[in-house]
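Please work through the exercises below with the structure in view, trying each task before reading its solution.

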Amino acid sequence: MSDLTQANISFARFIKFIIPSILSMVFISFYSAVDGFFLANYVSSNALAAINIVLPYLNFVWGLAVMLATGSSALVGIKIGEGDVSEASRNFTLALLFTIGASCVILVLSLLNLDNIVHYMGATSILFADAKLYLIMLVLSAPVLTAKLFLEYYIRLDGSPMFSLFTSFIGLVLNIVFNYYTVVVLNMGVFGSALATVVAVVISLIFCVLYFTHYSKTLKFAKTSWQGGFIKHSITNGSSEMLTEISSGIVAIIFNLTVVAYAGENGLAAIAIIINIFYFLISIYLGIATGAQPLISCNYGAHNTKMLSKILKYSKLCIIVSSVLVFAVALYNGASIIKWYVGGDNVAVLRIATDGFRLFSLCFLFLGVNIFISGLYTSIGNGLVSAIISAARSLVFVCIALFILPKLMGLKGIWLAIPVAEACTLIMSIGFYKMFVKNHL
(Lines give C-alpha, C1' and ligand atoms only; values in the text may rest on other atoms or scores of the structure.)
Protein backbone atom coordinates (compact mmCIF):
# COMPACT_ATOMS: atom_id res chain seq x y z
CA MET A 1 0.00 0.00 0.00
CA SER A 2 1.22 3.50 -0.81
CA ASP A 3 2.67 5.62 1.98
CA LEU A 4 0.18 8.27 0.84
CA THR A 5 -2.48 6.31 2.71
CA GLN A 6 -0.44 4.91 5.59
CA ALA A 7 0.74 8.08 7.31
CA ASN A 8 -1.44 10.44 9.32
CA ILE A 9 -1.31 13.47 7.05
CA SER A 10 -0.96 16.66 9.09
CA PHE A 11 -1.52 20.10 7.62
CA ALA A 12 2.24 20.69 7.59
CA ARG A 13 2.83 17.45 5.65
CA PHE A 14 0.01 18.32 3.27
CA ILE A 15 1.60 21.71 2.56
CA LYS A 16 4.99 20.04 2.10
CA PHE A 17 3.42 17.66 -0.42
CA ILE A 18 1.56 20.26 -2.53
CA ILE A 19 4.19 23.05 -2.60
CA PRO A 20 6.36 21.19 -5.16
CA SER A 21 3.24 20.70 -7.30
CA ILE A 22 2.39 24.41 -7.09
CA LEU A 23 5.93 25.40 -8.02
CA SER A 24 5.97 22.83 -10.85
CA MET A 25 2.82 24.34 -12.31
CA VAL A 26 4.25 27.84 -11.94
CA PHE A 27 7.40 26.77 -13.79
CA ILE A 28 5.35 25.11 -16.56
CA SER A 29 3.26 28.27 -16.95
CA PHE A 30 6.47 30.24 -17.48
CA TYR A 31 7.47 28.29 -20.59
CA SER A 32 5.42 30.33 -23.07
CA ALA A 33 5.80 33.43 -20.86
CA VAL A 34 9.58 33.22 -21.25
CA ASP A 35 9.21 33.09 -25.02
CA GLY A 36 6.84 36.05 -24.90
CA PHE A 37 9.12 38.08 -22.65
CA PHE A 38 12.18 37.73 -24.88
CA LEU A 39 10.22 38.35 -28.08
CA ALA A 40 8.40 41.39 -26.67
CA ASN A 41 11.58 42.98 -25.34
CA TYR A 42 14.16 41.96 -27.97
CA VAL A 43 12.14 41.50 -31.17
CA SER A 44 8.76 43.29 -31.31
CA SER A 45 5.26 43.37 -29.89
CA ASN A 46 4.08 41.89 -33.20
CA ALA A 47 6.29 38.83 -32.57
CA LEU A 48 4.61 38.45 -29.18
CA ALA A 49 1.18 38.77 -30.79
CA ALA A 50 2.16 36.20 -33.46
CA ILE A 51 3.03 33.44 -31.00
CA ASN A 52 -0.07 34.22 -28.97
CA ILE A 53 -2.14 33.58 -32.11
CA VAL A 54 -1.04 29.92 -32.27
CA LEU A 55 -0.79 29.18 -28.54
CA PRO A 56 -4.33 27.69 -28.64
CA TYR A 57 -2.73 24.79 -30.52
CA LEU A 58 -0.60 24.22 -27.44
CA ASN A 59 -3.82 24.12 -25.40
CA PHE A 60 -4.97 21.21 -27.55
CA VAL A 61 -1.69 19.28 -27.31
CA TRP A 62 -1.39 19.82 -23.59
CA GLY A 63 -5.07 19.02 -23.23
CA LEU A 64 -4.41 15.55 -24.63
CA ALA A 65 -1.58 15.00 -22.16
CA VAL A 66 -3.52 16.39 -19.20
CA MET A 67 -6.61 14.35 -20.09
CA LEU A 68 -4.72 11.06 -20.17
CA ALA A 69 -2.39 11.97 -17.28
CA THR A 70 -5.10 13.07 -14.84
CA GLY A 71 -7.71 10.59 -16.03
CA SER A 72 -5.42 7.57 -15.90
CA SER A 73 -3.40 8.62 -12.83
CA ALA A 74 -6.56 8.91 -10.76
CA LEU A 75 -7.48 5.32 -11.71
CA VAL A 76 -3.92 4.14 -11.11
CA GLY A 77 -3.91 5.95 -7.76
CA ILE A 78 -7.07 4.11 -6.77
CA LYS A 79 -5.37 0.83 -7.73
CA ILE A 80 -2.37 1.74 -5.56
CA GLY A 81 -4.74 2.52 -2.69
CA GLU A 82 -6.31 -0.90 -3.16
CA GLY A 83 -2.85 -2.50 -3.00
CA ASP A 84 -2.66 -3.74 -6.62
CA VAL A 85 0.72 -2.23 -7.53
CA SER A 86 1.46 -4.61 -10.43
CA GLU A 87 -1.74 -3.69 -12.25
CA ALA A 88 -1.08 -0.04 -11.48
CA SER A 89 2.33 -0.24 -13.23
CA ARG A 90 0.85 -2.01 -16.26
CA ASN A 91 -1.87 0.61 -16.57
CA PHE A 92 0.66 3.43 -16.19
CA THR A 93 2.82 2.04 -19.00
CA LEU A 94 -0.15 1.51 -21.31
CA ALA A 95 -1.41 5.06 -20.72
CA LEU A 96 2.05 6.47 -21.51
CA LEU A 97 2.35 4.53 -24.77
CA PHE A 98 -1.16 5.54 -25.80
CA THR A 99 -0.40 9.19 -25.06
CA ILE A 100 2.75 9.18 -27.19
CA GLY A 101 0.97 7.38 -30.03
CA ALA A 102 -1.96 9.81 -30.01
CA SER A 103 0.39 12.82 -30.04
CA CYS A 104 2.23 11.39 -33.07
CA VAL A 105 -1.06 11.12 -34.96
CA ILE A 106 -1.81 14.76 -34.09
CA LEU A 107 1.67 15.73 -35.33
CA VAL A 108 1.08 14.21 -38.77
CA LEU A 109 -2.41 15.68 -39.17
CA SER A 110 -1.20 19.12 -38.09
CA LEU A 111 1.72 19.17 -40.54
CA LEU A 112 -0.75 18.51 -43.35
CA ASN A 113 -2.89 21.50 -42.37
CA LEU A 114 -0.46 24.19 -41.13
CA ASP A 115 -1.72 27.11 -43.21
CA ASN A 116 -5.35 26.37 -42.43
CA ILE A 117 -4.63 26.17 -38.70
CA VAL A 118 -2.83 29.53 -38.64
CA HIS A 119 -5.53 31.14 -40.76
CA TYR A 120 -8.46 29.93 -38.68
CA MET A 121 -6.73 30.96 -35.47
CA GLY A 122 -7.05 34.55 -36.64
CA ALA A 123 -3.55 35.53 -37.80
CA THR A 124 -3.47 38.80 -39.73
CA SER A 125 -1.25 39.17 -42.80
CA ILE A 126 1.31 41.02 -40.68
CA LEU A 127 1.57 38.18 -38.16
CA PHE A 128 1.08 35.14 -40.44
CA ALA A 129 4.73 34.24 -41.18
CA ASP A 130 5.94 34.36 -37.56
CA ALA A 131 2.81 32.59 -36.33
CA LYS A 132 3.32 29.73 -38.82
CA LEU A 133 7.00 29.40 -37.93
CA TYR A 134 6.23 29.12 -34.21
CA LEU A 135 3.42 26.66 -34.91
CA ILE A 136 5.73 24.35 -36.88
CA MET A 137 7.98 24.03 -33.84
CA LEU A 138 5.01 23.36 -31.57
CA VAL A 139 3.75 20.65 -33.91
CA LEU A 140 7.11 18.89 -34.19
CA SER A 141 7.58 18.91 -30.43
CA ALA A 142 4.09 17.59 -29.59
CA PRO A 143 5.16 14.02 -28.57
CA VAL A 144 7.93 15.38 -26.34
CA LEU A 145 5.67 17.96 -24.68
CA THR A 146 2.93 15.42 -23.95
CA ALA A 147 5.31 12.77 -22.62
CA LYS A 148 7.01 15.27 -20.29
CA LEU A 149 3.78 16.54 -18.80
CA PHE A 150 2.38 13.00 -18.48
CA LEU A 151 5.40 11.67 -16.61
CA GLU A 152 5.52 14.67 -14.25
CA TYR A 153 1.97 13.85 -13.13
CA TYR A 154 2.96 10.24 -12.43
CA ILE A 155 6.13 11.21 -10.58
CA ARG A 156 3.89 13.10 -8.12
CA LEU A 157 1.58 10.09 -7.91
CA ASP A 158 4.60 7.93 -7.14
CA GLY A 159 5.17 10.06 -4.05
CA SER A 160 8.05 12.20 -5.34
CA PRO A 161 6.71 15.73 -5.85
CA MET A 162 10.18 17.19 -5.27
CA PHE A 163 11.60 15.29 -8.24
CA SER A 164 8.71 16.50 -10.39
CA LEU A 165 9.55 20.03 -9.22
CA PHE A 166 13.20 19.44 -10.13
CA THR A 167 12.36 18.44 -13.71
CA SER A 168 10.10 21.48 -14.16
CA PHE A 169 12.73 23.80 -12.66
CA ILE A 170 15.49 22.44 -14.89
CA GLY A 171 13.25 22.92 -17.92
CA LEU A 172 12.45 26.51 -16.97
CA VAL A 173 16.06 27.51 -16.26
CA LEU A 174 17.27 25.99 -19.52
CA ASN A 175 14.44 27.68 -21.40
CA ILE A 176 15.53 31.07 -20.06
CA VAL A 177 19.20 30.43 -20.83
CA PHE A 178 18.53 29.08 -24.33
CA ASN A 179 16.06 31.91 -25.12
CA TYR A 180 18.66 34.48 -24.15
CA TYR A 181 21.26 32.80 -26.33
CA THR A 182 19.06 32.26 -29.41
CA VAL A 183 17.03 35.48 -29.29
CA VAL A 184 19.43 38.03 -27.78
CA VAL A 185 22.86 36.70 -28.72
CA LEU A 186 22.14 34.95 -32.05
CA ASN A 187 19.21 37.20 -33.03
CA MET A 188 17.18 34.20 -34.27
CA GLY A 189 13.80 35.76 -33.47
CA VAL A 190 10.66 33.61 -33.24
CA PHE A 191 12.42 30.48 -34.51
CA GLY A 192 15.17 30.79 -31.90
CA SER A 193 12.67 31.23 -29.08
CA ALA A 194 10.68 28.18 -30.13
CA LEU A 195 13.84 26.10 -30.55
CA ALA A 196 15.01 27.09 -27.07
CA THR A 197 11.77 25.90 -25.53
CA VAL A 198 11.81 22.57 -27.37
CA VAL A 199 15.39 21.76 -26.37
CA ALA A 200 14.66 22.63 -22.74
CA VAL A 201 11.61 20.33 -22.74
CA VAL A 202 13.61 17.46 -24.27
CA ILE A 203 16.25 17.67 -21.53
CA SER A 204 13.54 17.84 -18.86
CA LEU A 205 11.88 14.74 -20.36
CA ILE A 206 15.14 12.80 -20.13
CA PHE A 207 15.19 13.36 -16.36
CA CYS A 208 11.58 12.14 -16.12
CA VAL A 209 12.45 8.91 -17.94
CA LEU A 210 15.52 8.38 -15.74
CA TYR A 211 13.29 8.65 -12.66
CA PHE A 212 11.15 5.67 -13.67
CA THR A 213 14.13 3.59 -14.77
CA HIS A 214 16.24 4.19 -11.65
CA TYR A 215 14.49 5.98 -8.76
CA SER A 216 10.74 5.24 -8.68
CA LYS A 217 9.19 4.11 -5.39
CA THR A 218 6.09 2.23 -6.51
CA LEU A 219 5.39 2.55 -10.24
CA LYS A 220 7.63 0.95 -12.85
CA PHE A 221 7.70 0.65 -16.63
CA ALA A 222 6.11 -2.76 -17.09
CA LYS A 223 5.15 -5.20 -19.81
CA THR A 224 1.60 -4.38 -20.72
CA SER A 225 -1.19 -5.26 -23.13
CA TRP A 226 -4.10 -3.44 -24.66
CA GLN A 227 -6.93 -2.72 -22.20
CA GLY A 228 -9.60 -0.82 -24.04
CA GLY A 229 -11.74 -0.42 -20.94
CA PHE A 230 -8.96 1.27 -19.00
CA ILE A 231 -8.11 3.66 -21.85
CA LYS A 232 -11.78 4.51 -22.35
CA HIS A 233 -12.25 5.18 -18.63
CA SER A 234 -9.07 7.26 -18.55
CA ILE A 235 -10.31 9.39 -21.45
CA THR A 236 -13.77 9.92 -19.98
CA ASN A 237 -12.38 10.56 -16.50
CA GLY A 238 -9.85 13.11 -17.78
CA SER A 239 -12.21 14.60 -20.34
CA SER A 240 -12.84 17.65 -18.18
CA GLU A 241 -9.16 18.59 -18.28
CA MET A 242 -9.07 18.06 -22.05
CA LEU A 243 -12.26 20.07 -22.36
CA THR A 244 -10.72 22.86 -20.28
CA GLU A 245 -7.64 23.05 -22.49
CA ILE A 246 -9.57 22.84 -25.77
CA SER A 247 -12.10 25.36 -24.49
CA SER A 248 -9.28 27.67 -23.46
CA GLY A 249 -7.92 27.43 -26.98
CA ILE A 250 -11.32 28.11 -28.54
CA VAL A 251 -11.95 31.01 -26.19
CA ALA A 252 -8.47 32.38 -26.91
CA ILE A 253 -9.30 32.42 -30.62
CA ILE A 254 -12.63 34.16 -29.92
CA PHE A 255 -10.83 36.63 -27.65
CA ASN A 256 -8.28 37.36 -30.39
CA LEU A 257 -10.95 37.90 -33.03
CA THR A 258 -13.00 40.11 -30.69
CA VAL A 259 -10.08 42.17 -29.41
CA VAL A 260 -8.58 42.78 -32.85
CA ALA A 261 -11.92 44.28 -33.90
CA TYR A 262 -11.73 46.79 -31.04
CA ALA A 263 -7.99 47.46 -30.72
CA GLY A 264 -6.09 45.91 -33.64
CA GLU A 265 -2.59 44.40 -33.26
CA ASN A 266 -2.00 46.41 -30.08
CA GLY A 267 -5.03 44.70 -28.58
CA LEU A 268 -3.65 41.29 -29.55
CA ALA A 269 -0.32 42.12 -27.89
CA ALA A 270 -2.17 43.33 -24.77
CA ILE A 271 -4.25 40.18 -24.47
CA ALA A 272 -1.12 38.07 -25.01
CA ILE A 273 0.38 39.73 -21.94
CA ILE A 274 -2.78 39.29 -19.87
CA ILE A 275 -3.16 35.62 -20.84
CA ASN A 276 0.48 34.91 -19.93
CA ILE A 277 0.00 36.51 -16.51
CA PHE A 278 -3.32 34.65 -16.15
CA TYR A 279 -1.69 31.25 -16.77
CA PHE A 280 1.04 32.09 -14.29
CA LEU A 281 -1.40 33.01 -11.51
CA ILE A 282 -3.87 30.15 -12.04
CA SER A 283 -0.96 27.72 -11.90
CA ILE A 284 -1.12 28.21 -8.12
CA TYR A 285 -4.67 26.81 -8.05
CA LEU A 286 -3.74 24.05 -10.50
CA GLY A 287 -0.80 23.15 -8.28
CA ILE A 288 -3.04 22.76 -5.25
CA ALA A 289 -5.51 20.62 -7.22
CA THR A 290 -2.88 18.38 -8.84
CA GLY A 291 -0.88 18.17 -5.62
CA ALA A 292 -3.92 16.97 -3.69
CA GLN A 293 -5.07 14.55 -6.40
CA PRO A 294 -2.74 11.62 -5.57
CA LEU A 295 -3.69 11.92 -1.88
CA ILE A 296 -7.41 11.99 -2.73
CA SER A 297 -7.23 9.09 -5.23
CA CYS A 298 -5.17 6.78 -3.01
CA ASN A 299 -7.27 7.40 0.11
CA TYR A 300 -10.50 7.11 -1.87
CA GLY A 301 -9.30 3.74 -3.22
CA ALA A 302 -8.33 2.66 0.32
CA HIS A 303 -11.79 3.78 1.64
CA ASN A 304 -10.01 5.97 4.18
CA THR A 305 -12.80 8.51 4.67
CA LYS A 306 -11.23 10.06 7.77
CA MET A 307 -8.05 10.95 5.90
CA LEU A 308 -10.05 12.03 2.86
CA SER A 309 -11.99 14.50 5.01
CA LYS A 310 -8.74 15.94 6.32
CA ILE A 311 -7.30 16.37 2.84
CA LEU A 312 -10.43 18.19 1.66
CA LYS A 313 -10.34 20.46 4.71
CA TYR A 314 -6.72 21.35 4.06
CA SER A 315 -7.39 21.87 0.35
CA LYS A 316 -10.30 24.24 0.98
CA LEU A 317 -8.19 26.34 3.32
CA CYS A 318 -5.38 26.58 0.77
CA ILE A 319 -7.76 27.49 -2.05
CA ILE A 320 -9.52 30.24 -0.06
CA VAL A 321 -6.28 31.82 1.19
CA SER A 322 -4.60 31.64 -2.22
CA SER A 323 -7.68 33.14 -3.93
CA VAL A 324 -7.54 36.22 -1.73
CA LEU A 325 -3.76 36.59 -2.08
CA VAL A 326 -3.69 36.06 -5.84
CA PHE A 327 -6.50 38.58 -6.35
CA ALA A 328 -4.67 41.14 -4.22
CA VAL A 329 -1.43 40.66 -6.16
CA ALA A 330 -3.24 40.91 -9.50
CA LEU A 331 -5.21 44.00 -8.51
CA TYR A 332 -2.48 46.01 -6.83
CA ASN A 333 0.62 44.84 -8.72
CA GLY A 334 -0.81 44.02 -12.12
CA ALA A 335 0.42 47.25 -13.70
CA SER A 336 3.98 46.65 -12.49
CA ILE A 337 3.97 43.09 -13.83
CA ILE A 338 2.66 44.25 -17.20
CA LYS A 339 5.26 47.03 -17.42
CA TRP A 340 8.02 44.57 -16.58
CA TYR A 341 6.70 42.27 -19.25
CA VAL A 342 6.26 44.71 -22.16
CA GLY A 343 8.57 47.52 -21.11
CA GLY A 344 7.65 51.20 -21.12
CA ASP A 345 8.20 51.95 -24.82
CA ASN A 346 4.92 50.72 -26.29
CA VAL A 347 2.54 53.10 -24.54
CA ALA A 348 -0.57 51.94 -26.42
CA VAL A 349 -0.11 48.25 -25.54
CA LEU A 350 0.76 49.14 -21.95
CA ARG A 351 -2.39 51.22 -21.51
CA ILE A 352 -4.75 48.62 -23.03
CA ALA A 353 -3.24 45.76 -21.01
CA THR A 354 -3.22 47.70 -17.71
CA ASP A 355 -6.80 48.91 -18.02
CA GLY A 356 -7.98 45.46 -19.05
CA PHE A 357 -6.19 43.55 -16.31
CA ARG A 358 -7.83 45.60 -13.55
CA LEU A 359 -11.20 44.19 -14.60
CA PHE A 360 -9.89 40.77 -15.60
CA SER A 361 -8.33 40.19 -12.16
CA LEU A 362 -11.77 39.73 -10.56
CA CYS A 363 -11.78 36.16 -11.90
CA PHE A 364 -9.10 35.11 -9.41
CA LEU A 365 -11.63 35.32 -6.58
CA PHE A 366 -13.74 32.51 -8.07
CA LEU A 367 -11.77 30.21 -10.34
CA GLY A 368 -9.68 28.49 -7.65
CA VAL A 369 -12.75 26.81 -6.16
CA ASN A 370 -14.00 25.78 -9.61
CA ILE A 371 -10.64 24.25 -10.58
CA PHE A 372 -10.34 22.31 -7.32
CA ILE A 373 -13.87 20.86 -7.32
CA SER A 374 -13.54 19.82 -10.96
CA GLY A 375 -10.23 18.13 -10.08
CA LEU A 376 -11.81 16.50 -7.03
CA TYR A 377 -14.29 14.61 -9.19
CA THR A 378 -11.55 13.57 -11.60
CA SER A 379 -9.59 12.22 -8.62
CA ILE A 380 -12.36 9.76 -7.74
CA GLY A 381 -12.99 8.67 -11.32
CA ASN A 382 -16.15 10.72 -11.95
CA GLY A 383 -15.22 12.49 -15.18
CA LEU A 384 -18.81 13.48 -16.00
CA VAL A 385 -19.26 15.97 -13.17
CA SER A 386 -15.74 17.26 -13.68
CA ALA A 387 -16.50 17.80 -17.38
CA ILE A 388 -19.73 19.67 -16.59
CA ILE A 389 -17.87 22.12 -14.35
CA SER A 390 -15.05 22.55 -16.88
CA ALA A 391 -17.43 23.09 -19.80
CA ALA A 392 -19.38 25.68 -17.83
CA ARG A 393 -16.39 27.75 -16.70
CA SER A 394 -14.13 27.51 -19.72
CA LEU A 395 -16.56 27.48 -22.65
CA VAL A 396 -20.31 27.90 -22.17
CA PHE A 397 -20.44 30.87 -19.80
CA VAL A 398 -17.40 32.53 -21.41
CA CYS A 399 -18.88 32.40 -24.91
CA ILE A 400 -22.21 33.76 -23.64
CA ALA A 401 -20.39 36.58 -21.83
CA LEU A 402 -18.25 37.39 -24.88
CA PHE A 403 -21.36 37.50 -27.03
CA ILE A 404 -23.29 39.86 -24.73
CA LEU A 405 -20.89 42.03 -22.72
CA PRO A 406 -18.83 43.67 -25.51
CA LYS A 407 -22.05 44.83 -27.16
CA LEU A 408 -23.08 46.50 -23.90
CA MET A 409 -19.71 47.72 -22.60
CA GLY A 410 -17.28 47.65 -25.52
CA LEU A 411 -13.68 46.64 -24.70
CA LYS A 412 -14.47 46.53 -20.97
CA GLY A 413 -16.97 43.76 -21.65
CA ILE A 414 -14.21 41.59 -23.13
CA TRP A 415 -12.11 41.87 -19.97
CA LEU A 416 -15.13 41.06 -17.74
CA ALA A 417 -16.13 37.91 -19.66
CA ILE A 418 -13.89 35.54 -17.68
CA PRO A 419 -14.81 36.92 -14.22
CA VAL A 420 -18.52 36.68 -15.03
CA ALA A 421 -18.14 33.10 -16.32
CA GLU A 422 -16.19 31.99 -13.23
CA ALA A 423 -18.70 33.63 -10.85
CA CYS A 424 -21.59 31.82 -12.56
CA THR A 425 -19.74 28.49 -12.42
CA LEU A 426 -18.98 28.94 -8.72
CA ILE A 427 -22.65 28.50 -7.83
CA MET A 428 -22.71 25.18 -9.69
CA SER A 429 -19.40 24.00 -8.19
CA ILE A 430 -20.53 24.56 -4.61
CA GLY A 431 -23.63 22.44 -5.30
CA PHE A 432 -21.49 19.58 -6.64
CA TYR A 433 -19.15 19.80 -3.64
CA LYS A 434 -22.07 19.43 -1.25
CA MET A 435 -23.19 16.41 -3.24
CA PHE A 436 -19.71 14.86 -2.91
CA VAL A 437 -19.65 15.34 0.86
CA LYS A 438 -23.13 13.80 1.18
CA ASN A 439 -22.29 10.73 -0.94
CA HIS A 440 -18.70 9.95 0.07
CA LEU A 441 -17.99 11.29 3.58
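**Exercise 1.** Determine how the axes of helix α15 and helix α16 are arranged relative to each other, and describe their contact.

*Solution.* Begin by locating the two helices in this predicted model: α15 covers residues 383–409 and α16 covers residues 411–440. Their axes come within 7 Å and cross at roughly 150°. Since angles over 145 degrees count as roughly antiparallel, α15 and α16 are therefore roughly antiparallel to each other. As for the handedness, α15 passes α16 in a right-handed crossing. Finally, sorting the residues of the contact of α15 with α16 by class gives 22 nonpolar, three polar and three charged.

**Exercise 2.** Classify the packing of helix α13 against α16 from the angle and the separation of their axes.

*Solution.* Helix α13 spans residues 347–360, and it packs with α16 at an angle of about 40°, the axes lying 8 Å apart. An angle under 35 degrees would count as roughly parallel, and one from 65 to 115 as roughly perpendicular. The angle of about 40° belongs to neither range, and α13 and α16 are therefore oblique to each other. Their crossing is right-handed.

**Exercise 3.** Decide whether helix α6 and helix α9 are roughly parallel or roughly antiparallel, and give the handedness of their crossing.

*Solution.* The helices to find are α6, residues 128–140, and α9, residues 189–215, which pack with their axes 9 Å apart and at an angle of about 15°. That angle makes α6 roughly parallel to α9. In passing α9, helix α6 makes a right-handed crossing.

**Exercise 4.** Find the salt bridge partner of E87, and explain how the two residues are placed along their helix.

*Solution.* A search of the whole structure finds five salt bridges. One of them joins E87 to R90, with the closest N and O atoms 2.8 Å apart. In general, side chains of opposite charge can pair when their charged atoms come close. Both E87 and R90 belong to helix α4, residues 85–111, and because they are three residues apart there, about one helical turn separates them.

**Exercise 5.** Describe the second largest cavity by its volume, its lining residues and the elements that supply them.

*Solution.* The structure holds two cavities of 30 Å³ or more, and the second largest contains about 50 Å³ of space. Its lining consists of S73, Y153, R156, L157, T290, Q293 and P294. The elements giving two or more residues to this lining are α7 (142–157) and α11 (239–301). By class, the lining residues divide into three nonpolar, three polar and one charged.

Note on methods: Residues numbered from 1 in each chain as written. Predicted model: local features only at pLDDT ≥ 70, side-chain atom pairs only at ≥ 80, totals over all residues. Heavy atoms only, no water. 1 Å grid on protein atoms, 1.4 Å probe; cavity = no way out; pocket = protein on both sides within 12 Å on 5 of 7 lines; lining within 4 Å. Points joined across faces, edges and corners; volume = space filled by probe spheres on them. Helix = DSSP H or I, 4+ residues; strand = E, 2+ residues; numbered from the N terminus. Nonpolar A, V, L, I, M, F, W, Y, C, P; charged D, E, K, R; others polar. Axes fitted to C-alpha atoms, helices over the stretch in contact; angles between N-to-C directions. Left-handed = near helix turned anticlockwise from the far one by under 90°. Salt bridge = Lys/Arg side-chain N within 4 Å of Asp/Glu carboxyl O.
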